Amino acid sequence: MSNERAEQKTENSFDHFNFISFIVLFVTSALILVLNFFVDAEATETKYPVPEKPCPELGASFPSKLFFQWFDKFIWQGFRQPLENKDLWNMKPEDMSTEVSPLFLKYWNKSIAKNTQIEPTPAIASATFTKSSASVNFSNAKAKKPASILPPLIKAFGTTFLFGSCLKLFQDVLTFASPQVLRMLIDFVGGDEPTWRGYLYAGLLFGIASTQTLFLAQYFHRMFLVGLRIRTALISSIFRKALVMSNTARKESTVGEIVNLMAVDAQRFMDLVTYLNMIWSAPLQISLAIYFLWGILGPSVLAGLAVMIILIPVNGVIANKAKNLQIKQMKNKDERVKLMNEVLNGIKVLKLYAWEPSFEQQVLKIRDKEVKVLKQAAYLNAGTSFIWSCAPFLVS
């Protein structure tokens, strides 16, 4: 009996010790979590110059960055009075051209060096004639393959893009978690489950919706940052290339084309990055939707799938027409900017001979072409929006 009491006392002491240890560990972990919510003190030394109005995101805490509270003050200021340039703060150092451009150029120069190789074929060999020796010397020239900007962009900004893609994946999964919880809540109403499960399901619905919103907001924030950095790197590289172009290369590329590359084409990359993940996100969402609906509706789901498959070629035709219109628009822009550049360079001659109305008509004629293309593009965009707005009803 005494041995049994001793063993029971030892077990009780051990359980008591485990309980106290768990409580201490839990309180300490919770305290560390709360302390991590407070932002660290500013660094005394930094490699970046101290701006007059630093971006508040740099000194924001983790909850502030998570819920974008650092941006609230700017929104309230814009609500009270019209915003001006002096109200804007400086960009973050990692988003400035001084940081983004060298990072891209490091991988771009490596890509150019990799695509430069020596070809010993006589077809690209250059010949020189020496009068003194009356001989012809052949020397192999370096043939440069066109280097793609995609690998340098991936190496420079791919990490942030990949993290944003993971956020998008979590958001897509949570999108289909809410209907499953809602189904369990409906079963709870018609069943005899304990009451606490109903509160649990309701809390899960709220938590999933809130978490999904946070993931989606952070995803778009990351994608816009990546798009901004890509745009900054491309504009900087195009401008740098334009300053060192030879006279022969300047004949092939007009000022209008260079301006459009920096103003329009670089912006297209920024717009593309935001929705680039839809290449894998859309098939994933369709597959998960069909999987869950199959268990409820059975083979009837295939009718909705057929509607989506039919809409794919329709959207492809519209996208192809939009692409052709975009090409026409860019050609018209190049022509107009080139003409305006010539007009501004020879403005004295135009004033002297009173040629302003004639050149004005030429500029307006090109502008009318642009407006016509813009109208066609607007009709196509309206048609695309109408089709995809009707798609959910057709599938249903």
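This report looks at two residues and two helix pairs in a predicted model.

## Lys-92: a loop residue

Lys-92 sits in a loop. Helix H3 (72-80) comes before that loop, and helix H4 (97-115) follows. The relative accessibility of Lys-92 is 10%. Buried means under 20%, so Lys-92 counts as buried.

What does Lys-92 touch beyond its neighbours within four places in sequence? Its contacts there are Cys-55, Glu-57, Leu-58 and Leu-225. With one of these, Glu-57, there is also a polar contact. It joins the two side chains at 3.4 Å.

## Asp-265: a helix residue

Asp-265 belongs to helix H8, which covers residues 255-274. Its relative accessible area is 28%. That value falls between the 20% limit for buried and the 50% limit for exposed, so Asp-265 is partly exposed.

Neighbours within four places in sequence are again set aside. Asp-265 is then in contact with Asn-260 and Met-330. Leu-234 offers another reference point. Asp-265 and Leu-234 are 31 residues apart along the chain. Their C-alpha atoms are separated by 9.3 Å.

## H4 against H5

The loop that holds Lys-92 leads to H4. The axes of H4 and helix H5 (residues 150-190) come within 8 Å. They cross at roughly 140°. Roughly antiparallel would need an angle over 145 degrees, so H4 is oblique to H5. The crossing is right-handed.

Which residues meet here? H4 supplies Val-100, Leu-103, Phe-104, Tyr-107, Trp-108 and Ser-111. H5 supplies Pro-152, Leu-153, Lys-155, Ala-156 and Phe-157. By class, the contact of H4 with H5 has 9 nonpolar, 1 polar and 1 charged residues. Ser-111 counts as polar and Lys-155 as charged.

## H10 against H12

Helix H10 spans residues 301-345, and helix H12 spans residues 356-395. The two pack at an angle of about 165°. Their axes are 9 Å apart. The angle is over 145 degrees, which means H10 is roughly antiparallel to H12. This crossing is left-handed.

How many residues of each class are in the contact of H10 with H12? There are 22 nonpolar, 7 polar and 8 charged residues. Met-330, a contact of Asp-265, falls within the H10 range of residues 301-345.

Methods: Residues numbered from 1 in each chain as written. Predicted model: local features only at pLDDT ≥ 70, side-chain atom pairs only at ≥ 80, totals over all residues. Heavy atoms only, no water. Helix = DSSP H or I, 4+ residues; strand = E, 2+ residues; numbered from the N terminus. Buried < 20%, exposed > 50% of the residue type's maximum accessible area, 1.4 Å probe, protein only. Polar contact = N/O pair within 3.5 Å; in protein donor to acceptor, adjacent residues only side chain to side chain. Contact = heavy atoms within 4.5 Å. Axes fitted to C-alpha atoms, helices over the stretch in contact; angles between N-to-C directions. Parallel < 35°, antiparallel > 145°, perpendicular 65-115°, else oblique. Left-handed = near helix turned anticlockwise from the far one by under 90°.
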